[in-house]
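Biologist: Please take me closely through the sheet. Start with its pairings, then work outward to whatever packs against it or sits beside it.

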Amino acid sequence: MSDAGRTLPRNDPRQYDDLAGEWWRPDGAFAMLHWLAEARAALVPPASRPGALLVDLGCGAGLLAPHLAGKGYRHVGVDLTRSALEQAVAHGVTAVNGDVTAVPLADGCADVVAAGELLEHVPDWRRAVAEACRLLRPGGLLVLDTLNDTALSRLLAVRIAERLPTVPRGIHDPRLFVDARALVAECARHGVDLRLRGVRPGMPGLVGWLVRRMRAAGRPGATPDDRPDATPGDRPGATPGDRRTATAAGPTPRIVPTWSTAVLYQGRGTRSG
Ligand SMILES: C[S@@+](CC[C@H](N)C(=O)[O-])C[C@H]1O[C@@H](n2cnc3c(N)ncnc32)[C@H](O)[C@@H]1O
């Protein structure tokens, strides 16, 4: 089901068209993607050479872009969803409309490959991992985050999160969640030594954000434009700082490390020579 009212199967990519207006709302339906993009970008070092290329698989509307500013990468984004790519372009991303399981880019072209909140949406995630590793040059860096294939993950990320205004209903198909050990093994098969750590939203920020979301949703006659996040922080080229201060009612939650990879986890690994 998408928030536009039509009923779509779980994980149907057309949901991203129905939710196209949500991508750049810091307190909107995709808010958590902004927090995760900031945390993912923190794993990416400044480019080691002029013209270094970062390939952002499943880039969506380019939420990673502002967090890479000043790091010196050309940012190429690959995604199935044209309505999202149009927004990514407006934020400086070079768009490639395509499937991450068959990326029309050369072997070894990328200094960094990012796959943020992607693999849990791809029925053949192993194929997407093979493509990510193929694109990396020797010594290149893979950074990703995804949801683990555990009962706890299905409970928190689907059954609970979809009842709260944290993730859009039906956006995940829990059958596609990615077993952490299988992911590490698959990356190793393709020459990438992936290290994992569990992550979660920091509690004080998350609770404050949930309260703001629920208040905005419950206000009589509230429309999407009434929300506290419809601000200059949404404009193309806005900096993370713009967005942080744009959320007038409170600070943006941060993603913090946690001891367990059982729900949400980040991976970082270098491709062997
Ligand atoms: C949850 S969003 C994450 C977007 C972005 N990485 C971020 O973190 O903001 C998942 C994105 O993956 C894209 N996607 C899903 N399956 C895909 C596939 N097989 N090939 C390319 N893009 C895909 C969707 O269109 C959507 O934009």
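**The sheet and its surroundings**

Modeller: Start with S4 and S5: the two strands run parallel and are joined by six bridges. Bear in mind that this is a predicted model. One pair to pick out is Ala-114 and Val-143, the latter being its bridge partner in S5. S4 covers residues 110-116, and S5 covers 136-147. S5 is largely enclosed by the rest of the structure, because nine of its 12 residues are buried. For comparison with the whole chain, buried residues make up 42% of its 273 residues.

Now widen the view. The chain has nine helices and eight strands. Eight strands form one open sheet, in the order S3-S2-S1-S4-S5-S8-S6-S7. The pairing in this sheet is mixed. The edges are strand S3 (94-97) and strand S7 (255-258). Each edge strand has a single partner, so one of its sides lacks a neighbour in the sheet. On average, neighbouring strands are turned by 25 degrees against each other, direction ignored.

Look next at the S3 edge. S2 and S3 run parallel, with four bridges between them. Here Val-78 stands opposite Val-96 in S3.

A helix packs on this sheet. H2 touches S4, S5, strand S6 (192-201), S7 and strand S8 (264-271). Its direction makes about 150 degrees with that of S4.

S5 has another helix to deal with. H6 spans residues 151-160, and its buried residues are Ser-153, Ala-157 and Val-158. These three lie on the same side of H6, because they cover an arc of only 80 degrees around the axis. S5 is among the parts that cover these buried residues. The face of H6 turned away from them is exposed, and carries Ala-151, Leu-152, Arg-159 and Ile-160.

Then there is the ligand. A shell of 22 residues surrounds it. The closest are Gly-58, Gly-60, Leu-63, Thr-81 and Gly-116. Helix H2 (31-41) and strand S2 (74-79) are the elements that give two or more residues to that shell. H2 makes the largest contribution, with three residues. So H2 has two roles in this picture: it packs on the sheet, and it supplies part of the ligand shell. By type, the shell holds 13 nonpolar residues, six polar and three charged.

Two backbone details are worth a stop. Glu-117 sits in the loop between S4 and helix H5 (125-135). Its phi is positive, about 50 degrees, although Glu-117 is not a glycine. Glu-117 is buried, because 23 other C-beta atoms lie within 10 Å, and the cut-off is 20 or more. Asn-11 also has a positive phi, about 65 degrees, and is not a glycine either. It lies in the segment before helix H1 (14-18). Asn-11 counts as partly exposed, because it has 17 C-beta neighbours inside 10 Å.

Finally, the chain as a whole. Take the contacts with a separation of 6 or more. Residues 24 or more positions apart account for 73% of them.

Technical notes: Residues numbered from 1 in each chain as written. Predicted model: local features only at pLDDT ≥ 70, side-chain atom pairs only at ≥ 80, totals over all residues. Contact = placed C-beta atoms within 7 Å. Arc of directions from axis to C-beta. Near = placed C-beta within 6 Å. Nonpolar A, V, L, I, M, F, W, Y, C, P; charged D, E, K, R; others polar. Pairing = 2+ DSSP bridges. Axes fitted to C-alpha atoms, helices over the stretch in contact; angles between N-to-C directions.
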